[in-house]
Amino acid sequence: MAVLQSALVHAISTSMNDVVNGRYPDWELLESWVAVVEAGSISDAAKRLRISQAGVSQRVKAIESMLDTVLLDRSTRPARPTAAGQRLFEHATAILQNADQMVESVRNVTRAKRVVVRLGAVDSFAATLGPIIIKALSGTSQQIRLWSGITPTLDALLDARQLDMAVTTTGVSSTPGVRRQKLFSEPYYVVLPKGFVLDHFASLTDLSHHLRFIRYSSRSVIGQHVDTYLMAHTDNIERTCEFDATDPMLSLVAAGLGFAITTPLCIWQSRHFVPDLRVVPLSDFSRHGRPYEPLSRTFYLSSRENELGNMPNQLHDLLCRAYEKQVAKDIAQALSLDPDHVSSFGPAND
């Protein structure tokens with residue numbers, strides 16, 4: 001046994017010395033190479049890694065120097081992996097996945113004693129369902145640290161393992177091992193000042209000639225969603241006021257200074273403006289005699305497969321039940337809407 005232990009210590013020591021002495025690329029270099037291959041270019045990899053293009057190029061050259069081989073065919077635009085580069089990508093992906101499993105396994109030892117779960121959620125969701133989550137889990141062994149933010153930031157934090165779960169509007173993951181469970185969908189509505197007369201306006205473009213369109217910034221996912229919808233309906237509405245958040249946007253609508261397109265959950269987040277608002281479906285407007293098609297967004301609960309036990313499933317069921325039985329009904333009553341038109345539920349997994 002003593003001989004076996006001595007051999008094991010020697011093997012570990014030799015392996016660590018190889019990393020320190022530069023015989024093997026460290027995890028940071030491997031992560032950079034995987035990002036370059038998956039992103040398709042050094043510039044896109046730089047955005048993903050949040051470092052400069054020069055930094056990514058230096059890391060690629062460092063691996064090439066270490067392995068004494070060419071990994072990128074730089075004669076093409078963008079540069080493409082060579083056969084050696086593709087082989088390194090396959091090995092690096094497997095190594096990093098095993099590293100993630102190692103880190104999570106070590107974390108789970110601590111979580112067995114104190115279950116602290118880091119949950120991120122988009123702002124409107126965190127503001128409306130966050131208190132319900134905290135209340136439901138109070139007194140249990142689970143401790144929730146609730147973070148709020150925008151979808152791209154939360155997805156990046158989940159990928160970087162700085163979050164354990166996230167509620168966002170991203171339905172497809174590019175990260176292996178991430179599971180996304182559908183929570184519910186909610187439609188978009190047109191929000192008008194309370195006393196505004198709607199009847200004689202046909203299209204949203206017509207409406208914009210009488211009321212300024214106050215929109216979400218194109219930096220946000222919800223803003224991009226609305227912009228894409230308007231472009232598909234050939235509505236060329238002038239950009240004037242843009243906001244990253246719902247509260248300042250609805251404050252202008254409530255003051256009679258314009259109209260907006262948003263969702264029930266966002267309106268509920270800023271419910272203090274509701275008495276001064278009128279909420280109408282997109283189908284109340286028409287273009288060339290045809291009503292506007294519905295537009296909706298879907299929330300997903302994202303977590304890593306085979307981690308956190310059954311907690312993601314339990315939280316998924318809690319959120320769906322809380323929204324359907326309580327929040328959706330409160331929103332429908334406050335906005336004078338049919339409860340069935342506030343949200344829809346579908347299969348748990350997408």
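**Note on loops, strands and pockets**

1. Asn306 is found in the loop that runs between β14 and α12, the latter spanning 311-335. The model under review is a predicted one, and the backbone at this position deserves a remark, since Asn306 has a positive phi of about 60° although it is not a glycine. Asn306 counts as exposed because its relative accessible area is 80%, where the cut-off for that class is over 50%.

2. Arg50 can be read alongside Asn306. Its place is in the loop between α3 and α4, the second of these helices covering residues 53-67, and its phi is near 60°, a positive value in a residue other than glycine. With a relative accessible area of 60%, Arg50 is likewise exposed.

3. A further backbone feature lies at Pro78, which is joined to Arg77 by a cis peptide bond with omega at about -5°. Pro78 is placed in the loop between β1 (72-73) and β2 (80-81).

4. Strand β6, residues 178-187, is mostly covered, with eight of its ten residues buried. This strand pairs with β14 in the antiparallel sense, and the pairing extends over nine bridges. Within the pair, Val178 stands opposite Arg304 of β14, and Arg304 appears again below, as one of the residues that lie nearest the centre of the largest pocket.

5. Pro291 belongs to strand β13, which consists of residues 290-291. Its relative accessible area is 54%, and Pro291 is therefore classed as exposed, given that the class begins over 50%. Leaving aside residues up to four places away in sequence, Pro291 touches Ser283, Phe285 and Ser286. Its C-alpha is also 9.0 Å from that of Ala202, although the two residues are 89 apart in sequence.

6. The largest pocket holds about 1400 Å³ of space. Its lining comprises 42 residues, and those nearest the centre are Arg48, Asp159, Ala160, Thr175 and Arg304. Helices α2 (27-39), α3 (42-49), α5 (83-111) and α7 (151-159) each contribute at least two residues to this lining, and the largest share, ten residues, comes from α5.

7. What is the make-up, by class, of the lining of the largest pocket? It has 15 charged, 14 nonpolar and 13 polar residues. In terms of the domain assignment, at least three lining residues are drawn from each of domain 1 (25-81) and domain 2, the latter being made of 115-186 together with 298-341.

8. The second largest pocket has a volume of about 380 Å³ and is lined by 23 residues, with Val122, Ile150, Ser220, Ile222 and Arg297 lying nearest its centre. The elements that each supply at least two residues of this lining are α6 (123-137), α7, α9 (221-232), α10 (246-254), α11 (264-269) and β14 (296-304). Helix α7 is thus named for this pocket as well as for the largest one, and strand β14, the partner of β6, also takes part here.

9. The class counts for the lining of the second largest pocket are nine nonpolar, ten polar and four charged residues. Which domains each give at least three residues to this lining? They are domain 2 (115-186 + 298-341) and domain 3 (189-292). Domain 2 accordingly appears in the account of this pocket and in that of the largest pocket, where domain 1 is named beside it.

Definitions and conventions: Residues numbered from 1 in each chain as written. Predicted model: local features only at pLDDT ≥ 70, side-chain atom pairs only at ≥ 80, totals over all residues. Heavy atoms only, no water. 1 Å grid on protein atoms, 1.4 Å probe; cavity = no way out; pocket = protein on both sides within 12 Å on 5 of 7 lines; lining within 4 Å. Points joined across faces, edges and corners; volume = space filled by probe spheres on them. Helix = DSSP H or I, 4+ residues; strand = E, 2+ residues; numbered from the N terminus. Nonpolar A, V, L, I, M, F, W, Y, C, P; charged D, E, K, R; others polar. Domains from an automatic or database assignment. Buried < 20%, exposed > 50% of the residue type's maximum accessible area, 1.4 Å probe, protein only. Pairing = 2+ DSSP bridges. Contact = heavy atoms within 4.5 Å.
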